[in-house]
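Got the viewer open? Let's take a short walk through this one, picking a few things to select along the way.

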Amino acid sequence: MLSYSADLKNEVDYYPLPNGTVDVFLRKRLPDEVDGEGNETFVYDEVSINTTLPREIIEEYFDLLFEDPTSLDAVAPVEPSEADGLMLAIAELDAQREIDKTETEMAIAELAEALMGGV
């Protein structure tokens with residue numbers, strides 16, 4: 001649907017609602033036009049959807065959702081608690097990898113010192 005505005009609009013507007021869903025407006029800017037009074041008008045191709053998807057998912061899948069707003073099922077988000085758990089596990093693995101790396105470097109240094117006769 002085409003929309004016209006005197007003001008520059010965001011590509012994504014995200015409005016949380018009290019019922020836990022969000023109204024989302026996706027816009028692609030088209031060439032500006034001049035209205036009947038000679039004022040420059042911004043023109044957009046605009047799609048609106050109501051969803052429970054987080055803003056990050058909407059932005060990541062902007063083109064897909066813009067072309068087919070019913071494709072929301074194809075980009076169902078990971079539950080926040082599951083995502084948080086995954087991020088924590090990754091952080092723990094990264095921290096353990098750094099510890100292992102440091103311990104390995106120290107063991108190599110000790111071995112090299114022993115082989116060199118404590119020089």
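Which helix holds both R97 and D94, and how many residues apart are they? Select the two and take a look: both sit in helix α3, which spans residues 80–115. They are three residues apart, or about one turn of the helix. Now show their side chains, and you'll find R97 and D94 meeting in a salt bridge, with 2.4 Å from N to O. Keep in mind that you're looking at a predicted model.

Is R97 buried or exposed? Its relative accessibility is 52%, so R97 counts as exposed, the cut-off being over 50%. Its partner D94 comes in at 33%, which makes D94 partly exposed.

Time to zoom out. Color the chain by secondary structure and you should find three helices and four strands. Follow the chain from the N terminus and the elements run β-β-β-β-α-α-α.

Next, select D13 and R27. These two form a salt bridge as well, and their closest N and O atoms are 2.8 Å apart. D13 belongs to strand β2 (residues 12–16) and R27 to strand β3 (residues 22–34), so this pair ties together parts that are 14 residues apart in sequence. Are D13 and R27 buried or exposed? Both of them are buried.

Don't clear that selection yet; add E46. Together, D13, R27 and E46 are linked in a network of salt bridges.

For the next stop, pick R29 and D32. Their side chains meet in a salt bridge too, at 2.9 Å from N to O. R29 has a relative accessibility of 46%, so R29 counts as partly exposed. D32 is at 28%, and D32 is also partly exposed.

How many salt bridges does the structure hold? There are seven, and the tour has called at several, including the one between R97 and D94 and the one between R29 and D32.

To finish, show the whole chain with its surface on. The accessible surface comes to about 8,800 Å², and 57% of that belongs to carbon and sulfur atoms. The chain has 119 residues, of which buried ones make up 23%; D13 and R27 are among the buried residues. One last thing to try is displaying contacts: among those between residues at least 6 apart in sequence, 44% join residues at least 24 apart.

Methods:
Residues are numbered from 1 along each chain as its sequence is written. This is a predicted model: local features need pLDDT of at least 70, side-chain atom pairs count only at pLDDT 80 or more; totals for chains, interfaces and linings use all residues. Side-chain values use heavy atoms; hydrogens and water are left out. A salt bridge is a side-chain nitrogen of Lys or Arg within 4 Å of a carboxyl oxygen of Asp or Glu. Buried means under 20% relative accessible area, exposed over 50%, partly exposed in between (1.4 Å probe, protein chains only). Contact means heavy atoms within 4.5 Å. Accessible areas come from the Shrake-Rupley method with a 1.4 Å probe; for residues, only the protein chains shown count as cover.
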